[in-house]
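Subject: Model for you to look at

Hello,

Here is the structure I promised to pass on. Please open it alongside this message. My notes on pockets and helix packing follow.

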Amino acid sequence: MLRDFLLVGMGSFLGGGSRFIVSKVIQAWAPLSFPLGTFAVNILGCLIIGFLSGLHWPGGWMSPSMKLVLTTGFCGGFTTFSTFMNESTALMRDGNYLYFALYIGLSVALGLIAVVVGNACAKMI
């Protein structure tokens, strides 16, 4: 249990740091009141976790420990539902109802599509 906890923590550290960098770079590139950085990170994270979960794990090239680091750890640290919800309520509070609806609708729809596409890509390997 402690070993798995440390593996997840290591993956979360790398995922959270990556989220910070990718989100800030994207948001600086497109300075809108729309939270494009978090949006892009969440969609990319869905694609990554879809791909990883689509790989054939039993007897495959990745150990259960590595799967734990990459899915629960890295992807869990990389994506951020709480920030998504906080930014959504801020858009609504600020009266940006169009961005609010787009952010929620597109995040859910494209996130689901990204998981399916990632899974399909993994099955092609």
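A term to start with: helices here are DSSP runs of H or I, at least four residues long, numbered from the N terminus. Please also bear in mind that this is a predicted model.

Second largest pocket

I begin here, as the helix names come in at once. α1 (2–29) and α2 each supply at least two residues of this pocket's lining. α1 has the largest share, with 6 residues. The space comes to about 170 Å³. Lining it are G16, R19, F20, S23, K24, Q27, P35, G37, T38, T80 and E87. By class, that lining splits into 2 nonpolar, 6 polar and 3 charged residues.

Largest pocket

How much space lies in the largest pocket? About 220 Å³. Its lining has 14 residues, and the closest to the pocket centre are N42, C46, T79, T80 and F81. Four helices each give at least two lining residues: α2 (36–54), α3 (64–78), α4 (81–93) and α5 (97–123). Which helix gives the most? That is α2, with 5 residues. The class split is 7 nonpolar and 7 polar, with no charged residues. The second largest pocket, by contrast, has 3 charged residues in its lining. Note T80: it is among the residues closest to the centre of the largest pocket, and it also lines the second largest one.

α1 against α2

Now the packing. The axes of α1 and α2 lie 7 Å apart, at an angle of about 130°. α1 is therefore oblique to α2. The crossing is right-handed. On the α1 side, the contact is made by R19, V22, S23, I26, Q27 and W29. On the α2 side, it is made by L36, G37, T38, A40 and V41. In class terms, this contact has 6 nonpolar, 4 polar and 1 charged residues. Some names recur from the pocket above: R19, S23, Q27, G37 and T38 are also in the lining of the second largest pocket.

α2 against α5

Is α2 parallel or perpendicular to α5? The axes of α2 and α5 come within 6 Å and cross at roughly 30°. Angles under 35 degrees count as roughly parallel, so α2 is roughly parallel to α5. This crossing, too, is right-handed. The contact of α2 with α5 has 14 nonpolar, 8 polar and 1 charged residues.

Over to you.

Best wishes

Notes:
Residues are numbered from 1 along each chain as its sequence is written. This is a predicted model: local features need pLDDT of at least 70, side-chain atom pairs count only at pLDDT 80 or more; totals for chains, interfaces and linings use all residues. Side-chain values use heavy atoms; hydrogens and water are left out. On a 1 Å grid over the protein atoms alone, a cavity is a set of points where a 1.4 Å probe fits but cannot get out, and a pocket is an open set with protein on both sides within 12 Å along at least five of seven lines; lining residues have an atom within 4 Å of a point. Grid points are joined across faces, edges and corners, and a volume is the space filled by probe spheres set on the points. Ala, Val, Leu, Ile, Met, Phe, Trp, Tyr, Cys and Pro count as nonpolar, Asp, Glu, Lys and Arg as charged, and the others, Gly among them, as polar. Axes are lines fitted to C-alpha atoms, for helices over the stretch in contact, and angles run from 0 to 180 degrees between N-to-C directions. Angles under 35 degrees count as roughly parallel, over 145 as roughly antiparallel, 65 to 115 as roughly perpendicular and the rest as oblique. A crossing is left-handed if the near helix is turned anticlockwise from the far one by less than a right angle, and right-handed if clockwise. Contact means heavy atoms within 4.5 Å.
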